[in-house]
Amino acid sequence: MSDYTCPHCKKTIDDEEAVLCLYCGESLGRNAGFMGKLRHPRHTIITVVLIAAVLLGFVLLAVK
Ligand SMILES: [Zn+2]
């Protein structure tokens, strides 16, 4: 039972790792987790900014 049906175009997705529909490009609504979100360029930028902000916060705390 590994087949998944796209909620948008109702096509069957064979790729269990897929986060976006192969046919219509819409999100499959899966909880892909952290690594899955990294596939999306916009999410990657947001993730990098968040990590940088957290690291900067730790550095500022360490300096004090
Ligand atoms: Zn689709």
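## Zinc site

At 27% relative accessibility, Cys9 is classed as partly exposed, because this value falls between the 20% limit for buried residues and the 50% limit for exposed ones. The same reasoning applies to Cys24: a relative accessibility of 35% makes this residue partly exposed. Both residues belong to a metal site in this predicted model.

The zinc ion takes its protein donors from the SG atoms of Cys6, Cys9, Cys21 and Cys24, which lie 2.2 to 2.3 Å from the ion. The arrangement is tetrahedral because the four donor atoms subtend angles of 105 to 117° around the zinc ion. For reference, the ideal angle for four tetrahedral donors at a metal is 109.5 degrees.

## Donor spacing and connectivity

Along the sequence, the donor residues follow the pattern C-x2-C-x11-C-x2-C. Cys9 and Cys24, 15 residues apart, link distant parts of the chain. Cys9 sits in the loop between strand E1 (4-5) and strand E2 (12-13), whereas Cys24 occupies the loop between E2 and helix H1 (33-37).

A disulfide is a covalent bond between the sulfur atoms of two cysteines. The number of disulfides found in a search of the whole structure is zero.

## Chain architecture

The chain contains two helices and two strands. Read from the N terminus, these elements are arranged as β-β-α-α.

Of the 64 residues in the chain, 12% are buried. The chain exposes about 5400 Å², and carbon and sulfur atoms account for 64% of that area. When contacts between residues at least 6 apart in sequence are considered, 4% join residues at least 24 apart.

## Model confidence

The mean pLDDT of the chain is 81, with 78% of residues at 70 or more. Confidence varies between elements: helix H2 (residues 41-63) has the highest mean, at 90, while H1 has the lowest, at 53.

Where pLDDT is low, the predicted coordinates should not be read in detail. Within this chain, H1 is the element with the lowest confidence. H1 also marks one end of the loop that holds Cys24.

Conventions
Residues are numbered from 1 along each chain as its sequence is written. This is a predicted model: local features need pLDDT of at least 70, side-chain atom pairs count only at pLDDT 80 or more; totals for chains, interfaces and linings use all residues. Side-chain values use heavy atoms; hydrogens and water are left out. Donors are N, O and S atoms within 2.8 Å of the metal (3.2 Å for Na, K and Ca); water is not among the atoms, so sites may look incomplete. Four donors count as tetrahedral if all angles lie between 85 and 135 degrees; four count as square planar and six as octahedral if opposite donors are over 155 degrees apart and all others between 65 and 115; anything else is irregular. Helices (H or I, at least four residues) and strands (E, at least two) are DSSP runs, numbered from the N terminus. Buried means under 20% relative accessible area, exposed over 50%, partly exposed in between (1.4 Å probe, protein chains only). A disulfide is a pair of cysteine sulfur atoms within 2.5 Å. pLDDT is the predictor's confidence in each residue, from 0 to 100. Contact means heavy atoms within 4.5 Å. Accessible areas come from the Shrake-Rupley method with a 1.4 Å probe; for residues, only the protein chains shown count as cover.
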